[in-house]
Amino acid sequence: MKHHLITAFVLLFGCYPTLFAQSSAERVGFSADANGVYIQDEASAGDSLSWIVNGQDTALALDGGRAFLPVETDDVGRLLFIQGEVGQPVLFHYSLREGRPRLRRIPLWLSIVPPLLAIAMALLLREVILSLVAGIWAGAFIAGGLRLDSFYHFLMSFLDVLDHYIIQALTDSAHLSIILFSLLIGGMVAVISRNGGMAGIVERLSAYARSARSTQFITWLLGVAIFFDDYANTLIVGNTMRPVTDRFRISREKLAYLVDSTAAPVAAIAFITTWIGAELSYIDDGIADIPLLSGSYSAYAVFLESLKYSFYPLLTLAFLLMIVWTGRDYGPMHLAETRARLTGRVWEQGGKSGGEEDDDDMENLNPVASAPHRWYNAAVPVVVVILLTLYGLLQTGMEGSWKELAAKGFVPPDRSWGAVWSTLADAEGTEGFFILLGKVIGNADSYVALLWSSLLGVVTALLLTLGQRIMNLYRSMNTLVTGFKTMAPALIILSLAWALALTTKELHTASFLSFALGDALNPLFLPAIVFVLAAFISFSTGSSWSTMAILYPIAIPTTWTICQAAGLDEAHSKEILFNVISIVLGASVLGDHCSPISDTTILSSLASHCNHIDHVRTQLPYALTVGAVSIVLGTLSTALGGGWGLRFGLGLEGMAEWFSMGQWTGKQLPNR
């Protein structure tokens, strides 16, 4: 644990000169009155000043080197994030106190304090909720203008944790969808546990899962098979396989690792997933200013070209298989697995935060007396969830595609799937099945699809239970509510993580890190630097999606410009660009895997009923191992150039190194 913290601080303070470098905005003076902010820029030529204020392009008239920015504020104040055409942006808190203006500059390096504080406290104390609250409070205090001179405002920053950040996190429709989906899945699992369905699944899978190794392999296989959404993957595989892995004394930490490390990696690189729409949108924005690419490559084609550099997602899946096949683990995971095999305690019974306190409830969800152990009572609801999720993605994707086509002037004759599909093929100028399917899924509303599927999964489980008279309606509904309760602790952590993400958004943490760490000039080392940058942003914010949203529009055109400035030919420049595009995606997933405040990491702990910090501690060395190999291979790929064959050879070399290292450092687990 201490080594992880040391690594984080080395990353931070190793970049000290860049992080705290003087901004070009230092030559600019800022002052305020009761009506707004004055910007003094004597060096600017012309009669106007162009700045970006809180994400909006703002043109201000210059008079004698001075411009006025009208801003409405009050005693509480507001944040102003101001960036010129060049130089590091600046952050101000502007407020009025008894009619007097207060303009307080907030050093941008403070924006990384809230997530790092939460992460450090969580790793040190092994208590997640308090750590997250502390991080949110730190963010609220910084965003509130660092007011140590007023006890009232200091107290209000603490109250803002609840009435501003947590409430705002819970009023987000996407967040509510995830909460409802998780609750419904938890309720469904409770029902199919009590009606004997899960016991039937265990008995059926026992024919194939005859050992700890084969059980872990089946878990891995299910994780790869449910590729279309990481949330659905995590909750379905974790809840389905938990009774089976418990039977073979596989630790909850190992189950959480298997679930977490097959969910996002496969969803990130599969052709048809709920990720593809966001990925293509970000890539499309990034290549818009590169004529050579925007004129001859679609975003989907660029994505496909970049897959040959997807070392981290692909090698994570391969690394998992190696760990399962060799039966060797190292670090905290080896200790957890040894504990489970020798004592039968599949989870650590020490601190209870983030998952295993639910096991008292879950262990009480044994089949009711006289309940038949029929596997299909569990399999049918799970299959309903999977199939209805796919149907929901297609249905909402077709609706989204119809609206997009209509907005572009390509109006399908009707809203039927066939009409939308053929019109989309004409509009895109292609009939490639996977390309068109990727466009449809990209236009889908994944949250609606997940809600439809989970609700109908619950209904199916209840109908099977009531139809066979295994439980009456009263007991079935009580069981459903018990399932909801098992999800509550992890959902609290998830909600707090979202609230912490709001503080990083308000303080522009990702923008600051992108600027501070993104000044790479040698194109051959761009992939390595972008890898570290993307992983650190994802680790700090707990979100791979927000990392991609921030970096793709910046990294893509910057990479191309640097390559051209260095005199590289177009072919080599394109390969470096494809490498960077893939690395942003892979490193975002790595940071997500390592971060205790990541929503998918929290959901993996939830689905596996594993202590959340135990999951992070045991997964971190494995994720960093794969990450280290991936960054080396990505850098070599850039230096050597080449195509798919070279990438494949480098991947095999990486796996050979793992195998040798695993045989040398890994320890064989007890046979039990």
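Exposed means over 50% relative accessible area and buried means under 20%, and these two words are used in that sense in the legends below, which describe close-up views of a predicted model.

**View 1. Two loop residues with positive phi, Ser370 and Leu146, differ in their burial.** Ser370, in the loop between α16 (359–363) and α17 (376–407), has a phi near 70 degrees, which is a positive value in a residue other than glycine. With a relative accessible area of 78%, Ser370 is exposed, because exposed begins over 50%. Leu146 lies in the loop between α4 (128–143) and α5 (151–170), and although Leu146 is not a glycine, its phi is positive at about 55 degrees. The relative accessible area of Leu146 is 15%, so this residue is buried. As background to both, most residues other than glycine have a negative phi.

**View 2. Strand β3 pairs with strands β4 and β6.** The side chains of β3 (residues 48–53) alternate along the strand, with Leu49, Trp51 and Val53 pointing to one face, where they are buried, and Ser48, Ser50 and Ile52 pointing to the other, where they are not. Strand β4 (residues 56–63) runs antiparallel to β3 and is joined to it by six bridges, with Leu60 in β4 as the bridge partner of Leu49. Between β3 and β4, which form a hairpin, there are two residues, and Asn54 in this turn has a positive phi of about 50 degrees. Strand β6 (residues 78–83) is likewise antiparallel to β3, with two bridges joining them, and here Val53 stands opposite Ile82.

**View 3. Helices α8 and α14 pack with a left-handed crossing.** The axes of α8 (residues 212–225) and α14 (residues 311–326) come within 9 Å and cross at roughly 165 degrees. Because angles over 145 degrees count as roughly antiparallel, α8 is roughly antiparallel to α14. From α8, the residues Arg213, Gln216, Phe217, Trp220 and Val224 meet Leu317, Leu320, Leu321, Val324 and Trp325 of α14.

**View 4. Helices α24 and α25 pack with a right-handed crossing.** The axes of α24 (residues 544–565) and α25 (residues 570–594) are 9 Å apart, and the helices pack at an angle of about 160 degrees, which means that α24 is roughly antiparallel to α25. Residues of α24 that take part in this packing include Leu551, Tyr552, Ala555, Ile556 and Trp560, and those of α25 include Ile576, Leu577, Val580, Val584 and Leu585. Tyr552, Val584 and Leu585 are also among the residues with the most contacts inside the largest nonpolar core.

**View 5. The largest nonpolar core is shown around Leu132.** This core has 147 residues, and those with the most contacts inside it include Leu132, Trp275, Ile283 and Phe319. Leaving aside neighbours within four places in sequence, Leu132 is in contact with Ala118, Ile493, Leu496, Ala497, Leu500 and Ile597. Apart from this core lies another, of 18 residues, among them Leu69, Phe92, Tyr94 and Leu96.

**View 6. Tyr165 in helix α5 is buried.** The relative accessibility of Tyr165 is 3%. Its C-alpha atom is separated by 8.3 Å from that of Ala140, a residue 25 places away along the chain. Beyond the neighbours within four places in sequence, the contacts of Tyr165 include Ile136, Gly139, Ala140 and Ala143, as well as Ala499, Leu502, Thr503 and Glu506.

Definitions and conventions. Residues numbered from 1 in each chain as written. Predicted model: local features only at pLDDT ≥ 70, side-chain atom pairs only at ≥ 80, totals over all residues. Heavy atoms only, no water. Core = buried A, V, L, I, M, F, W, Y, C linked by side-chain atoms within 4.5 Å. Buried < 20%, exposed > 50% of the residue type's maximum accessible area, 1.4 Å probe, protein only. Contact = heavy atoms within 4.5 Å. Helix = DSSP H or I, 4+ residues; strand = E, 2+ residues; numbered from the N terminus. Pairing = 2+ DSSP bridges. Axes fitted to C-alpha atoms, helices over the stretch in contact; angles between N-to-C directions. Parallel < 35°, antiparallel > 145°, perpendicular 65-115°, else oblique. Left-handed = near helix turned anticlockwise from the far one by under 90°.
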